[in-house]
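Me: I have this one open at the bench. Please take me through it, and tell me how each label is earned.

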Amino acid sequence: MSLLTQIFTWWNGQTIGTRFHTWRFGTKVGQDEFGNVYFQGGKDSEGRTRRWVIYNGYADASAIPAGWHGWMHHRTDVSPADEDYKPREWQKTHRANPTGTSEAYRPPGSLAATGERPRVTGDYDAWTPGN
């Protein structure tokens, strides 16, 4: 099943092309607490070393921790695996996208929210036919 998944889907881990490219050119740099594995190898069009991640499961870019995000985007040359990276207090941990679930944000007045719609303040007069 894993080989079929790698051939026909891109959102579940790595594709067969990524697997081949990683085998051929990639050097493992490290792994984060979510099981995502980070690689580097080759050069991009600007002469920088290419960096990529193979997700553990569903491909969700917001699941990359802050330290690894900085390394992936060439903000630093030292990976979090090579240093004792401590996130700052304002850096949040990953939280899955709650859209479409019961945890989704529903602002006051939304039809999906519980409660009652706020009353109109009187600064708007609705149009009615014949007026």
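Me: Which residue is the bridge partner of G30 in β2?

Reply: Y38 is the β2 partner of G30. A little further along, K28 is bridged to F39 of β2.

Me: What kind of model is this, and how are its residues counted?

Reply: It is a predicted model, with residues numbered from 1 along each chain as its sequence is written. Local features need pLDDT of at least 70 and side-chain atom pairs count only at pLDDT 80 or more, while totals for chains, interfaces and linings use all residues; side-chain values use heavy atoms, with hydrogens and water left out.

Me: How do you know which parts to trust, and where is confidence lowest?

Reply: The guide is pLDDT, the predictor's confidence in each residue, on a scale from 0 to 100. The protein chain has a mean of 83, and 90% of its residues reach 70 or more. Confidence is lowest in helix α1 (residues 2-8), with a mean of 72, and highest in strand β1 (residues 27-31), at 94. Where pLDDT is low, the coordinates should not be read in detail.

Me: What makes a stretch a helix or a strand?

Reply: Both are DSSP runs numbered from the N terminus: helices are H or I over at least four residues, strands are E over at least two.

Me: How do you know that β1 and β2 pair, and in which sense do they run?

Reply: Strands pair if DSSP finds at least two bridges between them. β1 and strand β2 (residues 37-43) are joined by 4 bridges, so they pass, and they run antiparallel. They form a hairpin with 5 residues between them, where G35 in the turn has a positive phi of about 90°.

Me: How many bridges link β2 and β3?

Reply: There are 5, again in the antiparallel sense, and so this pair meets the requirement too. Among the bridges, K43 is matched with T49 of β3, and Y38 with V53. The β2 and β3 hairpin has 5 residues between the strands, and G47 there takes a positive phi near 85°.

Me: Why is R51 called buried?

Reply: Buried means under 20% relative accessible area, exposed means over 50%, and partly exposed is in between (1.4 Å probe, protein chains only). R51, in strand β3 (residues 49-54), has 15%, so it is buried.

Me: What makes the link between R51 and W71 a polar contact?

Reply: A polar contact is a pair of N or O atoms within 3.5 Å; within protein, one must be able to donate a hydrogen and the other to accept it, and residues adjacent in sequence count only if both atoms are side-chain atoms. The side chain of R51 reaches the backbone oxygen of W71 at 2.4 Å, so the distance passes. The backbone oxygen of T76 lies 3.2 Å from a polar atom of the R51 side chain, which also fits the limit.

Me: Where do H69, F25 and W127 fall on the accessibility scale?

Reply: H69, in helix α3, has 38% and is therefore partly exposed. F25, in helix α2 (residues 16-25), is partly exposed as well, at 43%. W127 counts as exposed because it has 66%.

Me: What is the phi of H74?

Reply: H74 has a positive phi of about 60° although it is not a glycine. Most residues other than glycine have a negative phi. H74 sits in the segment after α3.

Me: What makes a space a pocket, and what is the volume of the largest pocket?

Reply: On a 1 Å grid over the protein atoms alone, a pocket is an open set of points where a 1.4 Å probe fits, with protein on both sides within 12 Å along at least five of seven lines; lining residues have an atom within 4 Å of a point. Grid points are joined across faces, edges and corners, and the volume is the space filled by probe spheres set on them. For the largest pocket that is about 330 Å³. Its lining has 17 residues, with E33, P65, A66, G67 and K92 nearest the centre. Helix α3 (residues 66-72) gives the largest share, 3 residues.
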